[in-house]
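Got the viewer open? Keep a selection box handy, and we'll walk through this one stop at a time.

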Amino acid sequence: MLGQPLPIPTTQPKKKRTWMTSFFSKVAWKLRFRKWEPLRNVFFILAQRARDPSAKKRRMAMRGLGTIAREKPHKVRKYKKIVLDLLVHGLYDPMSCDVIQESMKSLTVILGKTQGKGLGSFFVDITLQTRTLLDDENDSLRHSAFVLFGQLAAFAGRKWKKFFTYQVKQTQDSLLIHLKDRNAQVAKACKTTFRACSPYLRQRRERGFQSGGDQGNPKLCWQLSHCHPELLQYFYANKIL
């Protein structure tokens, strides 16, 4: 898929840019024009790159999987198990934050294209690892984690509703803290994710146990009233609190 290497420029930055440009341009060329080339061969090469000792190659593999998901979503459905296995493996990369971030970005694309269908037990792995990244010191990782967590909230479905409800309640403090994140993009992503997670914060009320005017989650109501009254109003309007 990579073909013959391009001539190596004299400066190091240009060398890196040339390698990356060559990688993606040739992947895209394969996807769009070489229809006679089986896509499974591309997956095979990306699978090799995903476990390469080089963090750069692993990162490029994660990004390549996202590119395929964006341009050929019907093919991803056919090879979904392979793709998800590679991306979840990248999500737990012990050495490179860049690999983890690219994995989250690609998983976000796949969730959007497939509407979260057919994730199976991968849903648990993705949710648990994404939760741990919501408080990461790296701004980019936190941003990608909140975006992905919001997608998971949108597509949890009946099968994982109980599990995800518990995860959201365990994440409630992180959601409140990062509404005022030092990074504006992270704070914006957190606010969007908070809305997506709001149905899972709905309190179950037994008849005769609570009156209609009682607050089911006083701590959350108090914090939102002081920091984000517009979110509190949204929750009340949708009968979440």
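A residue is called exposed here when its relative accessible area is over 50%, buried when that value is under 20%, and partly exposed in between. Keep those cut-offs in mind for the stops below. Also remember that you're looking at a predicted model.

**Whole chain**

Start with everything in cartoon. You'll see 12 helices and 0 strands, so going by how elements are assigned here, there are no strand runs to look for. Of the 241 residues, 45% count as buried. Among contacts with a separation of 6 or more, 66% are made by residues 24 or more positions apart.

**Colour by confidence**

Switch the colouring to pLDDT. The mean over the protein is 77, and 68% of residues reach 70 or more. Where is confidence lowest, and where is it highest? Helix α1 (residues 12-32) sits at the bottom with a mean of 53, while α8 tops the list at 94.

Now select residues 1-11: pLDDT stays under 50 there, and the model has 18 contacts beyond four places in sequence for this stretch. Do likewise with residues 204-215, where pLDDT also stays under 50 and the corresponding contact count is 11.

**Helix α2**

Select residues 39-50, which make up α2, and pick out Phe 44. Its relative accessible area is 53%, so Phe 44 is exposed. Put a distance label from its C-alpha to that of Ile 82: the two are 38 residues apart along the chain and separated by 9.5 Å.

Gln 48 is in α2 as well. With a relative accessible area of 43%, Gln 48 is partly exposed. From its C-alpha to that of Ala 61, 13 residues away along the chain, you should read 8.5 Å.

**The end of α6 and the loop after it**

Go to Thr 114, in helix α6. Buried or exposed? Thr 114 is buried, at 7% relative accessibility. Show its side chain and you'll find it reaching the backbone oxygen of Ile 110 at 2.8 Å. Ignoring neighbours within four places in sequence, Thr 114 is in contact with Arg 77 and Lys 80.

Then select Gln 115, in the loop between α6 and α7. Gln 115 has 45% relative accessibility, so it counts as partly exposed. Its C-alpha lies 6.4 Å from that of Phe 155, although 40 residues separate the two along the chain.

**Helix α7**

Select residues 122-133. This is α7: 12 residues, reaching 17 Å from the first C-alpha to the last, close to the expected 16 Å. Show side chains for its buried residues, which are Phe 122, Phe 123, Ile 126, Thr 127, Gln 129, Thr 130 and Leu 133. What covers them? Add α5 (80-91), α6 (97-114), α8 (139-154) and α9 (161-177) to the view, because heavy atoms within 4.5 Å count as contact and the cover includes these four helices.

**Helix α9**

Keep α9 on screen. Its end C-alpha atoms are 24 Å apart, which agrees with the 24 Å that 17 residues should span at 1.5 Å a residue. Look along the axis and stop at Thr 171, where α9 bends by about 50 degrees. Thr 171 is also one of the buried residues of this helix, among them Phe 164, Val 168, Leu 175 and Leu 176. Polar side chains are on that list too, including Gln 167, Gln 172 and Ser 174.

Next, click Ile 177, also in α9. At 56% relative accessibility, Ile 177 is over the cut-off and so counts as exposed. From its C-alpha to that of Cys 190 is 9.3 Å, with the two positions 13 residues apart in sequence numbering.

**Last stop: the cysteines**

Stay on Cys 190, which is buried at a relative accessible area of 0%. Why does it not form a disulfide? The closest cysteine sulfur belongs to Cys 197 and is 8.9 Å away, so the pair is too far apart for a bond. The cut-off for a disulfide is 2.5 Å between sulfurs, and a search of the whole structure finds 0 of them. For another cysteine, select Cys 97, which is partly exposed at 38% relative accessible area.

Conventions
Residues are numbered from 1 along each chain as its sequence is written. This is a predicted model: local features need pLDDT of at least 70, side-chain atom pairs count only at pLDDT 80 or more; totals for chains, interfaces and linings use all residues. Side-chain values use heavy atoms; hydrogens and water are left out. Helices (H or I, at least four residues) and strands (E, at least two) are DSSP runs, numbered from the N terminus. The expected span of a helix is 1.5 Å times one less than its number of residues. Buried means under 20% relative accessible area, exposed over 50%, partly exposed in between (1.4 Å probe, protein chains only). A polar contact is a pair of N or O atoms within 3.5 Å; within protein, one must be able to donate a hydrogen and the other to accept it, and residues adjacent in sequence count only if both atoms are side-chain atoms. pLDDT is the predictor's confidence in each residue, from 0 to 100. The bend at a residue is the angle between axes fitted to the seven residues ending there and the seven starting there.
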